[in-house]
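Reader: Could you take me on a close look at the site around the ligand in this model? I would enjoy one connected account of what surrounds the ligand, followed by any unusual backbone spots.

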Amino acid sequence: MGLILGIETSCDETAAAVVEGGRRILSNTVASQIPVHAPHGGVVPELASRHHIENICPVIEAALAEAGVGFTDLEAVAVTQGPGLVGSLLVGVQAAKGIALVHRLSLVPVHHVAGHVEATFLAHGEIPLPALALVVSGGHTSLYRVPEEGVLERLGRTRDDAAGEAFDKVAKLLGLGYPGGPIIDRLSEGADADAVPFAIARMKDGSPDFSFSGIKTAVLLYVRREGIDPVDDAGDVPPPVKDLVASFQRAVVDALVRGLTRAAREHHPRSLLLAGGVAANSRLRREAATAAAAVGLPLFVPPLALSTDNAAMIAAAGFVNLRRGVRGSWDLNAEPHLALG
Ligand code: KG4
Ligand code: ZN
């Protein structure tokens, strides 16, 4: 019982997964579109929707086959309703509606960010609550109070770029490839993270918000001032560029960890959660663990495959929504700017 098919198509990954009881992953299939978008240095929405259409049926079939279940074994279909790219979201939402209608299953809408936070529960089981969750991805950088599983109260967010977006833009301006986060993470290994004294200012009004557009500009100005040319082969990056991206990564991670620690001191949670694609960053994982130990709280981070976009987190969040009575009707629509709650 409690078998949920999750579908996620909010950005450039076509993903489907089967999860039992919101905790046991039977399959977790992702068709990545990175090779499609890499030549453009970012996601091209029109290409993304077209590839979702091509991939959605094979990915769902693969997820069911790997789990060894058929549509009739399922209790519900959970799908990312938003936020995200409208053309991408629509493909998942229409697929989920079709499956639910034909096989008489419950249809459960899921908020993408709630899915990211749920990945920590999926990976670690019971988590001491209330928790404080930092969600850092290509589209979001927000801090939430989590009073109970499936409930998020926002405390702060980025006022401009998301942290992952800053990683991707800095990699693009240096000619390092797409997506920038994993590339910068890898290039920073062994480089001098103190080489360039980048810093991210705190909010003047003392709010727990973030801002990452300034550091992107600081990197651009540094590159111009120092006459650094974009590299054309990410496999052959000169040491000063490695030091530059390591310094950028240090500044971003410092700002994120500072925000998390400050909120922990203010809100007295019983645990800290780190979720979203940027939670795959090795420096952020390390620094967040050190900061959590310093404030005496356990830190829960999903494994890499559950940090970046996937459908297992959507199926797990769908299970929670279903138990709370959340159901989608047949006029469920993709919501590119879907609000939480
Ligand atoms: O959660 P996600 O897969 O998609 C969104 O919901 O946006 O996050 C993708 C973002 C991209 O910006 C990517 O560069 C970043 O996560 N990312 C990383 C790492 N792996 C992925 N950023 C820093 N370090 C990484 N290792
Ligand atoms: Zn995401």
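Author: Happy to! Please keep in mind that this is a predicted model. Around ligand 1 there are 17 residues, and the closest of them are Gly138, Asp168, Asp185, Asn281 and Asp309. Two of these names come back when we turn to polar contacts, so let us take those one by one.

Asp168 uses its side chain: one of its N or O atoms there is 2.7 Å from an oxygen atom of ligand 1. Asp309 takes part through its backbone instead, with a polar backbone atom 2.9 Å from an oxygen atom of the ligand. Ser137 joins in as well, placing a polar side-chain atom 3.4 Å from a ligand oxygen. As for cover, ligand 1 has 550 Å² of accessible area on its own, and the protein covers 89% of that.

Where is all this happening? Ligand 1 sits in the largest pocket. Three elements each give two or more residues to the shell: α4 (112–124), α5 (163–173) and α6 (180–188). Of these, α6 gives the most, with three residues. In character, the shell has ten polar residues, four nonpolar ones and three charged ones. Both domains take part, too: domain 1 (3–116 + 306–323) and domain 2 (130–297) each supply at least three residues to the shell.

Now for the backbone, with the general background in mind. Most peptide bonds are trans, and most residues other than glycine have a negative phi. Against that background, two proline bonds deserve a look. Leu129 and Pro130 are joined by a cis peptide bond with omega about 0°, and Pro130 lies in the loop between α4 and β6 (131–136). Tyr178 and Pro179 are also joined by a cis peptide bond, here with omega about -10°. Pro179 has its place in the loop between α5 and α6, two of the elements that we met in the shell around ligand 1.

One last stop is Arg104, which is not a glycine but has a positive phi, near 55°. You will find Arg104 in the loop between α3 (86–103) and β5 (106–111).

How values were computed
Residues numbered from 1 in each chain as written. Chains lettered and ligands numbered in written order. Predicted model: local features only at pLDDT ≥ 70, side-chain atom pairs only at ≥ 80, totals over all residues. Heavy atoms only, no water. Near = heavy atom within 4 Å. Polar contact = N/O pair within 3.5 Å; in protein donor to acceptor, adjacent residues only side chain to side chain. Areas by Shrake-Rupley, 256 points an atom, 1.4 Å probe, with all protein chains shown as cover. 1 Å grid on protein atoms, 1.4 Å probe; cavity = no way out; pocket = protein on both sides within 12 Å on 5 of 7 lines; lining within 4 Å. Sits in = over half its atoms within 2 Å of the grid points. Helix = DSSP H or I, 4+ residues; strand = E, 2+ residues; numbered from the N terminus. Nonpolar A, V, L, I, M, F, W, Y, C, P; charged D, E, K, R; others polar. Domains from an automatic or database assignment.
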